[in-house]
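This briefing goes with the sequence and the structure shown below. Please keep both in view while reading, and look up each residue as it is mentioned.

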Amino acid sequence: MSTTWQNRIIGEGTEDPGQILANPANWRLHPKHQQDALEGVLNEVGWVQRVIVNQRTGHLIDGHLRVSLALRRNEASVPVEYVDLDPSEEALVLATLDPLAALATTDADKLDELLRDVATGEAAVQQMLAELAERNGVIPADTFNAEDEWVGMPEFEHEDRRPVAQVTVYFGSL
């Protein structure tokens with residue numbers, strides 16, 4: 001049976017982030033490193049995606065972190081896409097939007113190619129991209145663990161603590 005998908009998008013605009021209602025059923029938490037990385041991208045690029053607000057309930061469906069960061073920075077407005085959903089549809093979208101995106105798999109070669117074209121001056125974004133590359137096999141994981149390497153090695157005790165040598169360093173100005 002084939003049905004036509006309904007377009008539930010009913011408008012777009014901007015809103016004062018202080019007027020956007022966080023969804024009381026939002027189950028996603030945003031750790032500091034995610035907050036820092038998103039803020040870094042927003043600092044470098046700006047808004048490229050609207051937050052989603054259900055016109056019927058006034059609740060935010062997608063973009064909680066973006067709204068939170070906008071509030072923190074006293075931004076005057078946030079780009080918004082309005083949808084019209086009943087409360088059960090809102091719950092379904094809230095529960096599935098991020099997990100559906102997370103089901104995508106990675107083409108490591110394309111990710112490698114993409115990351116070679118990405119430049120950022122934001123440390124949190126650099127860290128996030130490095131972790132992304134490592135997690136997806138683009139760069140090898142750092143497998144060295146000093147504690148693992150020390151297993152079975154004898155303890156070293158140095159009883160004589162007298163200085164063996166003295167090093168003097170002079171710094172000159174250029």
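In what follows, Ala, Val, Leu, Ile, Met, Phe, Trp, Tyr, Cys and Pro count as nonpolar, Asp, Glu, Lys and Arg count as charged, and the others, Gly among them, count as polar. By these classes, the lining of the largest pocket has 22 nonpolar, nine polar and seven charged residues. The model is a predicted one, and the protein in it has six helices and four strands.

**Overall layout**
- Along the sequence, the helices and strands follow one another in the pattern β-α-β-β-α-β-α-α-α-α.
- The protein has 174 residues, and 21% of them count as buried.
- Among the contacts in the protein with a separation of 6 or more, 81% are between residues 24 or more positions apart.

**The largest pocket**
- The volume of the largest pocket is about 1000 Å³, and of the 38 residues that line this pocket, Gln 34, Leu 38, Leu 65, Arg 66 and Met 128 are the closest to its centre.
- Several elements share in the lining of the largest pocket, since at least two residues each are supplied by α1 (32-44), β3 (60-62), α2 (64-72), α3, α4 (108-116) and α5 (123-135).
- Which helix gives the largest share of this lining? That share, seven residues, comes from α1.

**The second largest pocket**
- The second largest pocket holds about 190 Å³ of space, and the residues that line it include Gln 6, Asn 7, Arg 8, Glu 81, Glu 89 and Leu 97.
- Both β4 (78-83) and α3 supply at least two residues of the lining of the second largest pocket, with the largest share, four residues, coming from α3.
- Sorted by class, the lining of the second largest pocket has seven nonpolar, two polar and three charged residues.

**Helix α3**
- Helix α3 covers residues 87-102, which makes 16 residues, and from its first C-alpha to its last it reaches 24 Å, close to the 22 Å expected at 1.5 Å a residue.
- Where in α3 does a kink lie? A kink of about 35 degrees lies at Thr 96, shortly before the proline Pro 99.

**Helix α2 and the loop after it**
- In α2, the buried residues are His 64, Leu 65, Arg 66, Val 67, Leu 69 and Ala 70, and these buried residues pack against α1, β2 (51-54), β3, β4 and α3.
- Asn 74 lies in the loop between α2 and β4, and this residue has a positive phi of about 60 degrees although it is not a glycine.
- Is Asn 74 buried or exposed? Asn 74 counts as exposed because its relative accessibility is 69%, and exposed means over 50%.

**Lys 32 in helix α1**
- Lys 32 is found in helix α1, and this residue counts as exposed because its relative accessibility is 56%, which is over the 50% cut-off.
- In sequence, Lys 32 and Ala 124 are 92 residues apart, while in space they are 9.8 Å apart, C-alpha to C-alpha.

Conventions. Residues are numbered from 1 along each chain as its sequence is written. This is a predicted model: local features need pLDDT of at least 70, side-chain atom pairs count only at pLDDT 80 or more; totals for chains, interfaces and linings use all residues. Side-chain values use heavy atoms; hydrogens and water are left out. The expected span of a helix is 1.5 Å times one less than its number of residues. The bend at a residue is the angle between axes fitted to the seven residues ending there and the seven starting there. On a 1 Å grid over the protein atoms alone, a cavity is a set of points where a 1.4 Å probe fits but cannot get out, and a pocket is an open set with protein on both sides within 12 Å along at least five of seven lines; lining residues have an atom within 4 Å of a point. Grid points are joined across faces, edges and corners, and a volume is the space filled by probe spheres set on the points. Buried means under 20% relative accessible area, exposed over 50%, partly exposed in between (1.4 Å probe, protein chains only). Contact means heavy atoms within 4.5 Å.
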